[in-house]
Amino acid sequence: MNDILVTTDTKSLTRCYGLLAVGLPLTFMPSGPWAGIGIVLMLAGIIWAYSMRKRENVTPFVANHAQWMIRTFWIGGLFSILAIALAGMTVSANANNAAIAQMTALSQQEGKEVDPAQIQVLLDQFRADNAPLLLWATIGYLIMPVGFSIARFIHGYRLAQKGQMLPKVKSWSI
């Protein structure tokens, strides 16, 4: 009976790890539909982890792995938000500001009203000039938190398949 429970728990845990590990990279895809699928997979996985941890008669094995998944989700999310903010600051500090300088000059002209279409053209130019910088800064900064989270999911997945508990579930490391 206990073997059946462990096998059922192991299957449930490995599937939840799979949802989280597959959903995470999809979440950051530049294509809308893939990112949407990634978000749905991540939400399904984290809700599943919370429900496994809160169910009645939960085994210490399942509670241990569910806690690991939940902590990985939130730690990775925190680091991802910081990485995206850092990418934005990198672009702000290193951007091609020619379009911004032109907008500033337009707004400081006395007696002349600034044409909204002209501002839109300059904003479009600013975005076009700095899109590659934003893309590479975001990818560069997100590699670490996404890689960290995927490594934690894989580590937990491997131990769940073996039927082993995680030794340091409250750790921030792998």
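Colleague: Why is Asp124 counted as partly exposed?

Modeller: In this predicted model, Asp124 has a relative accessibility of 39%; since buried requires under 20% and exposed over 50%, with partly exposed in between, Asp124 counts as partly exposed.

Colleague: What makes the pair of Arg127 and Asp124 a salt bridge?

Modeller: The closest N and O atoms of Arg127 and Asp124 are 3.2 Å apart, and the criterion asks for a side-chain nitrogen of Lys or Arg within 4 Å of a carboxyl oxygen of Asp or Glu, so the pair is a salt bridge. Both residues belong to helix α5 and, because they are three residues apart there, about one helical turn separates them.

Colleague: How many salt bridges does a search of the whole structure find, and which residue does Arg55 pair with?

Modeller: The search finds two, and in one of them the side chain of Arg55 meets that of Asp9 at 2.9 Å, N to O, which is within the 4 Å limit. Arg55 lies in the loop between α2 and α3 while Asp9 lies in helix α1, residues 2-27, so this pair ties together parts that are 46 residues apart in sequence.

Colleague: Is Asp9 buried or exposed, and why is Arg55 given the class it has?

Modeller: Asp9 has a relative accessible area of 4%, and because anything under 20% is buried, Asp9 is classed as buried. Arg55, at 34% relative accessibility, is partly exposed, because that class covers what falls between the two cut-offs.

Colleague: What is notable about the phi of Asn57, and why is Asn57 called exposed?

Modeller: Asn57 has a positive phi of about 60° although it is not a glycine, and its place is in the loop between α2 and α3. The relative accessible area of Asn57 is 73%; exposed means over 50%, and Asn57 is therefore exposed.

Colleague: Why is α3 described as roughly antiparallel to α5?

Modeller: The axes of helix α3, residues 60-94, and α5 come within 8 Å and cross at roughly 170°. That makes α3 roughly antiparallel to α5, because angles over 145 degrees fall in this class. The contact of α3 with α5 has 21 nonpolar, eleven polar and two charged residues.

Colleague: What makes Leu135 eligible for a nonpolar patch on the surface?

Modeller: Leu135, whose place is in helix α5, residues 116-162, is partly exposed at 43% relative accessibility, and a patch takes residues with over 30% relative accessible area and no salt bridge, nonpolar side chains being joined within 5 Å. Leu135 forms the patch together with Trp136, Ile139, Ile143 and Met144, with about 580 Å² of accessible area together.

Colleague: Where does Ile84 lie, and how far apart in space are Ile84 and Trp136?

Modeller: Ile84 lies in helix α3 and is partly exposed at 43% relative accessibility. From C-alpha to C-alpha, Ile84 and Trp136 are 11 Å apart in space, with their positions 52 residues apart in sequence.

Colleague: Why are Gln164 and Trp172 both called partly exposed?

Modeller: Gln164 has a relative accessible area of 37% and Trp172 stands at 48% relative accessibility, and because exposed requires over 50% and buried under 20%, each is partly exposed. Gln164 is found in the segment after α5, as is Trp172. The C-alpha atom of Trp172 is separated by 9.9 Å from that of Phe148, 24 residues apart along the chain, whereas Gln164 and Pro30, 134 residues apart, have C-alpha atoms separated by 37 Å.

Terms used. Residues are numbered from 1 along each chain as its sequence is written. This is a predicted model: local features need pLDDT of at least 70, side-chain atom pairs count only at pLDDT 80 or more; totals for chains, interfaces and linings use all residues. Side-chain values use heavy atoms; hydrogens and water are left out. Patches are made of residues with over 30% relative accessible area and no salt bridge: like charges are joined within 9 Å, nonpolar side chains (Val, Leu, Ile, Met, Phe, Trp, Tyr) within 5 Å. Accessible areas come from the Shrake-Rupley method with a 1.4 Å probe; for residues, only the protein chains shown count as cover. Helices (H or I, at least four residues) and strands (E, at least two) are DSSP runs, numbered from the N terminus. Buried means under 20% relative accessible area, exposed over 50%, partly exposed in between (1.4 Å probe, protein chains only). Axes are lines fitted to C-alpha atoms, for helices over the stretch in contact, and angles run from 0 to 180 degrees between N-to-C directions. Angles under 35 degrees count as roughly parallel, over 145 as roughly antiparallel, 65 to 115 as roughly perpendicular and the rest as oblique. Ala, Val, Leu, Ile, Met, Phe, Trp, Tyr, Cys and Pro count as nonpolar, Asp, Glu, Lys and Arg as charged, and the others, Gly among them, as polar.
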